[in-house]
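Welcome! Let us walk through this structure together, beginning with its sheet and then moving on to the helices and a few details of the backbone.

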Amino acid sequence: MFIEWLEYVMKIYILRHGIAVERGSGGYTDDSKRPLTVKGREKMHDIARNMRQQGIRFDLLLSSPYVRARETIEIVTKEFNIKKNAIVYSNNLIPDAPIKKIVEEINTTYPSSKSILIAGHEPHLSSLISYLLAGHESAIAINLKKGGLCQLDIEKLKNGACAVLTLLLNPSH
């Protein structure tokens with residue numbers, strides 16, 4: 001039997017934001033404004049440092065505009081010595097955005113990107129992972145913990161099944 005090996009031309013790294021202030025506590029009634037906790041920031045620095053030490057690189061950084069995701073990706077830029085103005089904040093990564101929209105945004109606006117870091121929220125990110133792996137947002141149950149990282153390798157990014165899961169790490173890894 002002949003197995004054709006695909007040449008994966010794109011890597012998408014999906015990073016869930018770090019530990020954030022609990023909903024409603026500390027006067028944060030607007031979910032989009034909840035920041036990372038001190039512990040969340042510390043853990044994200046460790047996670048980002050580990051990503052850099054593993055040789056992970058990005059040519060595009062996409063983030064939800066919510067504060068906790070912004071802080072998460074800004075920590076990554078600091079650890080990787082990337083300028084903050086390299087980050088693109090996308091409303092297609094807010095929790096209620098249709099999954100297809102982020103795929104369309106990448107294909108339309110950033111077609112030459114080969115290594116993308118996406119920072120956002122659950123269950124939106126798990127839905128994106130499932131969608132790219134199996135073609136449906138709820139086909140695969142993924143538990144992406146706060147600070148968790150997933151790597152998908154993709155031959156050609158499209159709406160539906162197009163990816164291979166190559167890495168899924170909890171923050172403790």
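A good place to begin is the open sheet of 6 strands, whose order is β3-β2-β4-β1-β5-β6 and whose pairing is mixed. At the edges you will find β3 (87-89) and β6 (163-169); each has a single partner strand, so one side of each is left without a neighbour in the sheet. If you look from strand to strand, neighbours in this sheet are turned by 20° against each other on average, direction ignored. Keep in mind that you are looking at a predicted model.

Let us stay at the β3 edge for a moment. Here strand β2 (residues 60-63) pairs with β3 in the parallel sense, over 3 bridges. To find your bearings, look for Ser 63, which stands opposite Tyr 89 in β3.

Now bring in the helices that meet the sheet. Helix α3 packs on it and touches β1 (10-16), β2, β3 and β4 (115-120), with a direction that makes about 150° with that of β2. Helix α4 lies across β1, β4, β5 (149-154) and β6, and runs at about 155° to β1.

These two helices also pack on each other. In general, two packed helices are described by the angle between their axes and the distance between the axes. For α3 (residues 99-109) and α4 (residues 124-134), the angle is about 70° and the axes are 9 Å apart. That angle makes α3 roughly perpendicular to α4. The crossing in which α3 passes α4 is right-handed. Which residues make the contact? From α3 come Ile 99, Lys 100, Ile 102 and Val 103, while α4 brings His 124, Ser 127, Leu 128, Tyr 131 and Leu 132. Sorted by class, this contact of α3 with α4 has 6 nonpolar, 2 polar and 1 charged residues.

A second helix pair is worth a visit. Helix α1 (residues 38-53) and helix α2 (67-80) pack at an angle of about 45°, with their axes 9 Å apart. The two helices α1 and α2 are therefore oblique to each other, and their crossing is right-handed. On the α1 side, the contact is made by Arg 41, Met 44, His 45, Ala 48, Arg 49, Met 51 and Arg 52. On the α2 side, you can pick out Glu 71, Thr 72, Ile 75, Val 76, Lys 78, Glu 79 and Phe 80. How do the residues of this contact divide by class? In the contact of α1 with α2 there are 6 nonpolar, 2 polar and 6 charged residues.

Two spots in the loops deserve a closer look. Between β4 and α4 runs the loop that holds Pro 123, and a cis peptide bond joins Glu 122 to this proline, with omega about 0°. The other spot is Asn 81, in the loop between α2 and β3. Phi of Asn 81 is near 55°, a positive value in a residue other than glycine.

Finally, how confident is the prediction? The mean pLDDT of the protein chain is 92, and 95% of its residues reach 70 or more. Among the elements of the chain, β4 has the highest mean pLDDT (98) and β6 the lowest (94).

Methods. Residues are numbered from 1 along each chain as its sequence is written. This is a predicted model: local features need pLDDT of at least 70, side-chain atom pairs count only at pLDDT 80 or more; totals for chains, interfaces and linings use all residues. Side-chain values use heavy atoms; hydrogens and water are left out. Axes are lines fitted to C-alpha atoms, for helices over the stretch in contact, and angles run from 0 to 180 degrees between N-to-C directions. Helices (H or I, at least four residues) and strands (E, at least two) are DSSP runs, numbered from the N terminus. Angles under 35 degrees count as roughly parallel, over 145 as roughly antiparallel, 65 to 115 as roughly perpendicular and the rest as oblique. A crossing is left-handed if the near helix is turned anticlockwise from the far one by less than a right angle, and right-handed if clockwise. Contact means heavy atoms within 4.5 Å. Ala, Val, Leu, Ile, Met, Phe, Trp, Tyr, Cys and Pro count as nonpolar, Asp, Glu, Lys and Arg as charged, and the others, Gly among them, as polar. Two strands pair if DSSP finds at least two bridges between them. pLDDT is the predictor's confidence in each residue, from 0 to 100.
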